[in-house]
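Q: Hi! I'd like to go over the empty space and the packing in this one. Can you pull it up?

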Amino acid sequence: MPRLTAMAGGPTLWVKRDDCTGLATGGNKTRKLEFLVADALAQGADTLITLGATQSNHVRQTAAAAAKVGLDCEVVLAAQVPQTSETYKRNGNVVLDHLLGARVHAVSGDADLTFALQEVSEGVRRRGGKPYVIPVGGSNPTGALGYVSCALEILQQAADRGVRIDAVVHATGSAGTQAGLIVGFESAQSGVDVLGISVRHPRELQEEAIQVLVDATCAHVKLRHRIDASRVTANSDYVGAGYGIETPGMIDAVRQTARLEGLLLDPVYSGKAMDGLFDLCRKGAFIKGQNVVFLHTGGQAGLFAYEPSFAAERI
Ligand SMILES: *Cc1c(COP(=O)(O)O)cnc(C)c1O
């Protein structure tokens, strides 16, 4: 990203375009679903069930994956984010969930989600179907395999270009992306640092969630090598007031990236992650001569749900 590199004035910035993974506007959940859907098919399931916040990108990609392989899809959308505009409730990913044929069960923000998933699963069974339940964000050891393989792909692409990568920076939420990347980069002994910019939890809680999934993923792939806790790092300085709530830094990062690279970020994840990356460059956490890869995890469909926030800032 030459123009963002010049603006940030520090390391050479690259982007890994996981917003271009396909599946109805793409995003990071597609790599996880590659493994999760294979597991569902191997088990003879006929219905994918998952859950997320109203504007979940994971839910939208799951609905698209189900459509592509000919499975039914039922989703629980929880109104967890304090956004009250009709645009937030109906536009963006919600339009696509319906368009892709998912059966949507909308619940309140404080609903018991374990119970809601059980109810939906029982409904499928009563109709003679076989459900396959995917956890929030597709983040279990099966889903994380998508990002073990992504780490190896990044190393191959860097080697092909003769570039030595120092760090990968991306948005971290349900932790599967970061856990998979860490297992991939560490298993290859690459020395690449992985920094997750948290979009929800404080640092300790986020790092703990990543560590638990790193260990489970290592066990799943029978990797003996124990990954040291020092390799698991998250930064929670760019969350703002909470998950799905806009920050001035996010709006600014989304706008700068659009205007300098013609590249679209999203308001909930990649916009906050890019805000973090710019700020860390300003503070000298990354320096000239280093190669830093921004993993673009997608989510642009969410831009349309946040239209009022960007309109208010229109210049
Ligand atoms: C889900 C998501 C993330 C976070 O990935 P996790 O594996 O849940 O940590 C980042 N960016 C976007 C756009 C997402 O939809």
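A: Sure, here is a chat about the pocket, the cavities and the nonpolar cores of this predicted model.

Q: Great, pocket first. How much space lies in the largest pocket?
A: The largest pocket holds about 500 Å³ of space.

Q: And which residues are closest to its centre?
A: Val-136, Gly-173, Ser-174, Arg-200 and Tyr-269 are the closest to the centre, out of 33 residues that line this pocket.

Q: Which elements give two or more residues to that lining?
A: There are helices and strands on that list: helix H2 (29-42), helix H3 (57-69) and helix H8 (176-187), along with strand S2 (47-53) and strand S6 (167-172).

Q: How do the lining residues of the largest pocket divide by class?
A: You get 18 polar, eleven nonpolar and four charged residues in that lining.

Q: Thanks! Switching to closed spaces: how many cavities of 30 Å³ or more does the structure hold?
A: Two. The largest cavity has about 50 Å³ of space, and the second largest has a volume of about 30 Å³.

Q: What lines the largest cavity?
A: Its lining is made of Ala-53, Gln-55, Ser-56, Val-81, Tyr-88, Tyr-243, Gly-244, Val-268 and Tyr-306. By class that gives six nonpolar, three polar and no charged residues.

Q: And what lines the second largest cavity?
A: Gln-55, Asn-57, Asn-93, Asp-266, Pro-267, Val-268 and Gly-302 do. Four of these count as polar, two as nonpolar and one as charged. Gln-55 and Val-268 line the second largest cavity and also appear in the lining of the largest cavity.

Q: Nice. Now the packing: how many residues has the largest nonpolar core?
A: That core has 36 residues, and Leu-13, Met-274, Leu-277 and Phe-286 have the most contacts inside it.

Q: Which elements supply at least two residues each?
A: Helix H1 (2-8), helix H10 (248-261) and helix H11 (270-282) do, and so do S6, strand S7 (193-198) and strand S9 (291-296). The largest share, six residues, comes from H11. S6 also gives two or more residues to the lining of the largest pocket.

Q: Let's zoom in on Phe-286. What is it in contact with, leaving aside neighbours within four places in sequence?
A: Phe-286 is in contact with Pro-11, Ala-167, Val-169, Leu-195, Leu-277, Leu-280, Cys-281 and Val-292. Leu-277 is itself one of the residues with the most contacts inside the core.

Q: What about a second core?
A: There is a separate one of 27 residues, with Ala-151, Val-194, Cys-218 and Ala-234 among them.

Definitions and conventions:
Residues numbered from 1 in each chain as written. Predicted model: local features only at pLDDT ≥ 70, side-chain atom pairs only at ≥ 80, totals over all residues. Heavy atoms only, no water. 1 Å grid on protein atoms, 1.4 Å probe; cavity = no way out; pocket = protein on both sides within 12 Å on 5 of 7 lines; lining within 4 Å. Points joined across faces, edges and corners; volume = space filled by probe spheres on them. Helix = DSSP H or I, 4+ residues; strand = E, 2+ residues; numbered from the N terminus. Nonpolar A, V, L, I, M, F, W, Y, C, P; charged D, E, K, R; others polar. Core = buried A, V, L, I, M, F, W, Y, C linked by side-chain atoms within 4.5 Å. Buried < 20%, exposed > 50% of the residue type's maximum accessible area, 1.4 Å probe, protein only. Contact = heavy atoms within 4.5 Å.
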